[in-house]
Amino acid sequence: RPNTTATPGRSGGALGPCPDVPPNLLGSLYVEFRTNRTLQDVRNLVGPFLQQGGRYRPSSCVAKQKVAVIIPFRNRYEHLTHWLYYLHPVLMRQQLDYGVYVINQDGDGVFNRAKLMNIGFVEALIEYDYDCFVFSDVDLVPIDDRNLYRCSDHPRHLSVAVDKFNFILPYATIFGGVSALSEQQFLKVNGFSNTFWGWGGEDDDMSQRISYRGMFISRPDSVTGRYKMIQHERDSHNDPNPRRVQKLRETYFNIIKDGLSTLSYTVREIRKDLLYTFVTVDVQVPA
Ligand code: BGN
């Protein structure tokens, strides 16, 4: 009797699913930011494995998740270079079907990290059927590749042990740095608030949205979740937002009134580099 069921990964070139635990992870990694690297160095190194726009998918199996990695950005090319140098190989070893989206705030008005991340979510989905969104600061590099850039049953906070905070979680509800939400989780909280202008609080607002919508924050353990932060001076046009503490008292009422459902912006340019998709946007800074 002929066997008519397809054998995953063997028959007719059809690929089987990637294993739950990626087989080629290294564990803890050596990471340093003293070496001067250029984007061209990184292109030469990892470019051969990538498609335009910083896209990759494993060739030997079907990835568990389709992940858009979204980086809110303005004028931090040196950090971006280190980030790409370290993250591309990690994400490849993690066997993800992924794309890297750098969302660049146009002009020099007050920075809005959370709105840039909402824009990244929308723009990435226009391009491809992503099911998981990892939001990452450009200055955070994981020092353990077992910290999978994937989504879980609950929104996941990945940067739990950052060297700047002596490798400990500063407070229990923190959600800043690097975090991952599935499309469903992100829609359930109406994305991030668009109204946190300047530094601070937008991640705490997301943390509250998550709990008000009945979800929890999932995290790796504090060894797997170790990160190195690239040291830098404070950015201009991103001073601490004096309204942030008051705004955090209003999250509950603002979830439906302020987020993906009210997101408004203009794309100025989409540029495909081999290492990333660079989306320059006008975020409509208030006068
Ligand atoms: C917190 C900031 C977060 C930031 C972490 C780590 C606020 C809200 C008022 C208390 N929260 O204090 O946005 O991610 O520090 O730097 O400022």
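**Notes on the helix α3 packing, the sheets and the ligand shell**

1. The buried residues of helix α3 pack against β2 (66-73), β3 (97-105), β4 (132-136), α4 (183-188), α5 and β11 (277-282). Here two residues are in contact if their C-beta atoms, placed from the backbone, lie within 7 Å, and a residue is buried if 20 or more other C-beta atoms lie within 10 Å of its own, exposed if 12 or fewer, and partly exposed in between. Helices (H or I, at least four residues) and strands (E, at least two) are DSSP runs, numbered from the N terminus.

2. The model is a predicted one, in which local features need pLDDT of at least 70 and side-chain atom pairs count only at pLDDT 80 or more, while totals for chains, interfaces and linings use all residues. Residues are numbered from 1 along each chain as its sequence is written.

3. In α3 the buried set consists of R113, A114, K115, L116, M117, N118, I119, G120, F121 and A124. Helix α3 has 15 residues (residues 113-127), and because each residue should add 1.5 Å, a span of 21 Å is expected, which agrees with the 21 Å between its end C-alpha atoms. The expected span is taken as 1.5 Å times one less than the number of residues in the helix.

4. Among the partners of α3 is β2, a strand that is mostly covered, with 7 of its 8 residues buried. Strand β2 runs parallel to β3, to which 8 bridges join it, and within this pairing P72 stands opposite I103 in β3. Two strands are said to pair if DSSP finds at least two bridges between them. Strands of a sheet pair through backbone hydrogen bonds, either parallel or antiparallel.

5. An open sheet of 3 strands has the order β5-β9-β7, and its pairing is mixed. Its edge strands, β5 (140-142) and β7 (161-162), each pair on one side only. Strand β7 and strand β9 (residues 226-229) run parallel and are joined by 2 bridges, with A161 placed opposite R226 in β9.

6. An unreviewed UniProt entry carries the annotation "domain: Galactosyltransferase C-terminal" for residues 156-233; such annotations may be inferred rather than shown by experiment, and the positions are given in the numbering used here, with feature names shortened. In the model, this span is 22% helix and 17% strand, and its end C-alpha atoms lie 28 Å apart.

7. The ligand is surrounded by P170, G176, G200, G201, D203, D204, R244 and V245, where a residue counts as near if its C-beta atom, placed from the backbone, lies within 6 Å of the molecule. Two elements, α5 (202-212) and α6 (244-248), give two or more residues to this shell. By class the shell comprises 2 nonpolar, 3 polar and 3 charged residues, with Ala, Val, Leu, Ile, Met, Phe, Trp, Tyr, Cys and Pro counted as nonpolar, Asp, Glu, Lys and Arg as charged, and the others, Gly among them, as polar.

8. Two backbone angles deserve a check. Most residues other than glycine have a negative phi. N166, which is not a glycine, has a positive phi of about 55°; N166 lies in the loop between β7 and β8 (178-182) and counts as exposed because it has 8 C-beta neighbours inside 10 Å. Q284, likewise not a glycine, has a positive phi of about 60°; Q284 sits in the segment after β11 and, with 13 C-beta neighbours inside 10 Å, counts as partly exposed.
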